[in-house]
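Work through the exercises below with the sequence and the coordinates open. Each task is followed by a solution in steps.

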Amino acid sequence: MHLARFPRLSFGHFPTPLEPLTQLSQLLGGPNIWIKRDDCTGLATGGNKTRKLEFLLGDAQEKQADVIITQGATQSNHVRQTVAAAAKLGLKTHIFLEQRVTTLGDDYQHSGNILLDGLLGGEIIAHLPAGTDMQQAMEHHAETLRAQGFKPYVIPGGGSNPVGALGYVACAQELLWQSSQQRLRIDHIVHATGSAGTQAGLVAGLHASNSGIPLLGISVRAPREKQEQNVWRLAQQTLELLGVEGELPRESVKANSDYVGEGYGLPTTSMLEALQLLAQHEGILLDPVYSGKGFAGLIGLIREGAFRKGENVVFIHTGGSAGLFGYRQVITDSLAS
């Protein structure tokens, strides 16, 4: 895979660390847990979208875009990182936010990521009800801007298209290189999966590298069948962009939707436990929406005996700690209980 042939900018601090979670591994008594610290990518508190944005904004720059348009939920990590990356290029970002969560009060609506969106210079065009066709809203706005003489570049939610997924093809290559350098045999990879771009890029990268490493996405939103189909479709498109021939085996894509709870962005007991365990035993902060539920899934599977003692399981930390502040009361109540 010759990723250098694709337009790409440099935003991240790579390679991100690959570290053992020694205390937590001993506490849970299962496999050896490792963590890939993509919360440390360095762009406006970091996170997984930085990898995608290197390719997406590289493409935008090549197309001479002068306005970036994107969308996400109110506490979107993707939106925050997109605004930050665009700011580094001197570009304006127009934001469409979807009100998927309405029950968490003023902290959720005004602090955390949304506070940083404004600080970084993002312009919120609309705050729309849950279920709105967000892609259509962005495309309509883009047409309006084009009529005014601008050159907008539309980035889908999560940066999840084949260009964005190249960021996690690069991550798969990086992880395989690190494991080789550390003499680490990786038996499983686990991470949170939402808009599908991170998992699709990893699936494509691992498949094209013939790694043979099983990858499991812990869904934070969609049912298993829908999530797997979304990931498979995008991974196949990414492989086609890379020029990798042949169809991706459907069994290469695995998701688990048992840890979503009542819905996207809504707190769960297992997520709150995961936040506390990793913070208090390893000094690492997860987020309430993605990595918190992803790590809760890993903990639950370890307790169920899904991994053998002595196996090496890598959790990819997708970042998002800025979102913790939008969940202040929920976390405070959990700590007090």
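The exercises cover salt bridges, a buried lysine, a buried threonine, aromatic rings and backbone geometry.

The model is predicted: local features need pLDDT of at least 70, side-chain atom pairs count only at pLDDT 80 or more, and totals for chains, interfaces and linings use all residues. Residues are numbered from 1 along each chain as its sequence is written, and side-chain values use heavy atoms, with hydrogens and water left out.

**Exercise 1. Salt bridges**

Task: Find the salt-bridge partners of R51, and state where D38 and E174 lie.

Solution:
- Step 1. Apply the criterion: a side-chain nitrogen of Lys or Arg within 4 Å of a carboxyl oxygen of Asp or Glu. Over the whole structure this gives 16 salt bridges.
- Step 2. R51 pairs with D38, with the closest N and O atoms 2.7 Å apart. D38 lies in the loop between β2 and α2 and R51 in helix α2, so this bridge ties together parts 13 residues apart in sequence. Helices (H or I, at least four residues) and strands (E, at least two) are DSSP runs, numbered from the N terminus.
- Step 3. R51 also pairs with E174, at 2.8 Å between the closest N and O atoms. Here helix α7, which holds E174, is linked to helix α2, which holds R51; the two residues are 123 apart.
- Step 4. Through shared partners, K36, D38, R51 and E174 form one network of salt bridges.
- Step 5. Check burial (buried is under 20% relative accessible area, exposed over 50%, partly exposed in between, with a 1.4 Å probe and protein chains only). The relative accessible area is 0% for D38, 2% for R51 and 12% for E174. D38 is buried, R51 is buried and E174 is buried.

Task: Describe the salt bridge between E54 and R8.

Solution:
- Step 1. The side chains meet at 3.0 Å, N to O.
- Step 2. E54 is in helix α2 and R8 in the segment before β1, so the bridge ties together parts 46 residues apart in sequence.
- Step 3. E54 counts as buried at 3% relative accessibility, whereas R8 counts as partly exposed at 40%.

**Exercise 2. A buried lysine**

Task: Which side chain of opposite charge is nearest to K52?

Solution:
- Step 1. Locate K52 in helix α2, residues 49–62.
- Step 2. Assign charges: Lys and Arg count as positive, Asp and Glu as negative, and His and the chain ends are not counted.
- Step 3. The nearest side chain of opposite charge is D38, 9.8 Å away; K52 is buried and has no salt bridge.
- Step 4. Look for polar contacts (N or O atoms within 3.5 Å; within protein, one must be able to donate a hydrogen and the other to accept it, and residues adjacent in sequence count only if both atoms are side-chain atoms). The side chain of K52 makes one with the side chain of S160, at 3.4 Å.
- Step 5. List contacts, meaning heavy atoms within 4.5 Å. Beyond four places in sequence, K52 touches residues including G158, G159, S160, Y168 and T198.

**Exercise 3. A buried threonine**

Task: What does the side chain of T41 reach?

Solution:
- Step 1. T41 is in the loop between β2 (32–37) and α2, and counts as buried at 0% relative accessibility.
- Step 2. Its side chain reaches the backbone nitrogen of G47 at 2.8 Å.
- Step 3. The side chains of T41 and T50 are joined by a polar contact of 3.1 Å.

**Exercise 4. Aromatic rings**

Task: Characterise the pair Y264 and Y290, and identify the charges over the ring of Y264.

Solution:
- Step 1. Rings of Phe, Tyr and Trp (its six-membered ring) pair if their centres lie within 6.5 Å; planes under 30 degrees apart count as stacked, over 60 as edge-to-face and the rest as tilted. The structure holds 3 such pairs.
- Step 2. Y264 and Y290 are edge-to-face, 5.9 Å centre to centre with 70° between the planes. Both are buried.
- Step 3. A charge sits over a ring if NZ of Lys or CZ of Arg is within 6 Å of the ring centre and within 35 degrees of the ring normal. R100 lies over the face of Y264 at 4.6 Å from the ring centre, and R221 does so at 5.7 Å.

**Exercise 5. Backbone geometry**

Task: Where does Q64 lie, and which bond joins F14 and P15?

Solution:
- Step 1. Q64 is in the loop between α2 and β3 (67–73). Its phi is positive, about 60°, although Q64 is not a glycine.
- Step 2. F14 and P15 are joined by a cis peptide bond, with omega about 0°.
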